[in-house]
Amino acid sequence: SLSLTFLLAARVTGLYHEYTGTPSRKHTLNIRDLGAVGDNSTINTAIFEVAVAKAKTLSTDGGCAIVVPEGTYRTAPFNLTSKMTLHLNAG
């Protein structure tokens, strides 16, 4: 498979994240850019909820992939949305 490197802008917040891989959605958000901490201690529920809300606003513009980098992210249950991909990196 072809591996691409591209720079996507999360239009809602102006955050930028470089993502290497096969794109699944037009936009990408990285939860660390939103303040998530994968230390198996910090509760990240609000950050995941913000990421899903931002992804929802992008649903009519090609959808959004939410990237969860390596780490252990503690969170309570949260709802997902349409036209969103939750990409969990290994680890």
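## Exercise 1: The helix and its buried side

**Task.** List the buried residues of α1, then find what they pack against.

**Solution.** Start with the list: in α1, the buried residues are Thr45, Ile47, Phe48, Ala51, Val52, Lys54 and Ala55. Keep in mind that you are looking at a predicted model. Next, look at what these residues meet: they pack against β3, β4 (39–43), β5, β6 and β7. Then check the direction of the helix: α1 lies across β3, β5 and β7, and its angle to β5 is about 160°. Finally, check the length. α1 has 13 residues, and the distance from its first C-alpha to its last is 19 Å, close to the 18 Å expected at 1.5 Å a residue.

## Exercise 2: The overall plan

**Task.** Work out how many helices and strands the protein chain has, and in what pattern they follow one another.

**Solution.** Count the elements to begin with: the protein chain has 1 helix and 7 strands. Now walk along the sequence, and you will read β-β-β-β-α-β-β-β. For burial, take the 91 residues of the protein chain: 34% of them count as buried. For contacts, take those between residues at least 6 apart in sequence: 50% of them join residues at least 24 apart.

## Exercise 3: Building the sheet

**Task.** Put the strands of the open sheet in order, and explain why one side of β3 and of β7 is left without a neighbour.

**Solution.** Step one is the order: the open sheet has 3 strands, arranged β3-β5-β7 with parallel pairing. Step two is the edges: β3 and β7 each have a single partner strand, so each has one side without a neighbour in the sheet. Step three is the twist, which averages 20° from one strand to the next.

Now go pair by pair. β3 and β5 run parallel and are joined by 4 bridges. Leucine 29 has isoleucine 66 in β5 as its bridge partner, while asparagine 30 has valine 67. On to the next pair: β5 and β7 also run parallel, with 5 bridges between them. Here the bridge partner of isoleucine 66 is leucine 86 in β7. Isoleucine 66 therefore has a bridge partner in β7 as well as being the β5 partner of leucine 29.

Last, ask how well β5 is covered. Of its 5 residues, 5 are buried. Cys64, Ile66 and Val68 are on one side, Ala65 and Val67 are on the other, and both faces are covered.

## Exercise 4: A salt bridge

**Task.** Find which residue forms a salt bridge with aspartate 61, and decide which parts of the chain the pair ties together.

**Solution.** Begin with the idea: side chains of opposite charge can pair when their charged atoms come close. A search of the whole structure finds 1 salt bridge. Its partners are aspartate 61 and lysine 26, with the closest N and O atoms 2.8 Å apart. Aspartate 61 lies in the loop between α1 (45–57) and β5 (64–68), and lysine 26 lies in the loop between β2 (15–21) and β3 (27–30), so the pair ties together parts that are 35 residues apart in sequence.

Are these residues buried or partly exposed? Aspartate 61 has a relative accessibility of 23%, so it counts as partly exposed. Lysine 26 is also partly exposed, at 46%.

## Exercise 5: Residues to look up

**Task.** Locate threonine 81, asparagine 40 and lysine 83.

**Solution.** Threonine 81 sits in the loop between β6 (72–74) and β7 (84–88). Its relative accessible area is 22%, which makes it partly exposed because buried means under 20%. Leaving out residues up to four places away in sequence, threonine 81 touches Val52, Ala55 and Lys56.

Asparagine 40 is in strand β4. Its phi is near 60°, a positive value in a residue other than glycine. Lysine 83, in the loop between β6 and β7, has a positive phi as well, near 55°.

## Exercise 6: How confident is the prediction?

**Task.** Find where confidence is lowest and where it is highest in the protein chain.

**Solution.** Take the chain average to start: the mean pLDDT is 79, and 74% of residues reach 70 or more. Then compare elements: strand β1 (residues 4–10) is lowest, with a mean of 31, and α1 is highest, at 95. Finish with residues 1–16, where the pLDDT is below 50; this stretch has 42 contacts in the model beyond near neighbours in sequence.

Technical notes. Residues are numbered from 1 along each chain as its sequence is written. This is a predicted model: local features need pLDDT of at least 70, side-chain atom pairs count only at pLDDT 80 or more; totals for chains, interfaces and linings use all residues. Side-chain values use heavy atoms; hydrogens and water are left out. Helices (H or I, at least four residues) and strands (E, at least two) are DSSP runs, numbered from the N terminus. Buried means under 20% relative accessible area, exposed over 50%, partly exposed in between (1.4 Å probe, protein chains only). Contact means heavy atoms within 4.5 Å. A salt bridge is a side-chain nitrogen of Lys or Arg within 4 Å of a carboxyl oxygen of Asp or Glu. Two strands pair if DSSP finds at least two bridges between them. Axes are lines fitted to C-alpha atoms, for helices over the stretch in contact, and angles run from 0 to 180 degrees between N-to-C directions. pLDDT is the predictor's confidence in each residue, from 0 to 100. The expected span of a helix is 1.5 Å times one less than its number of residues.
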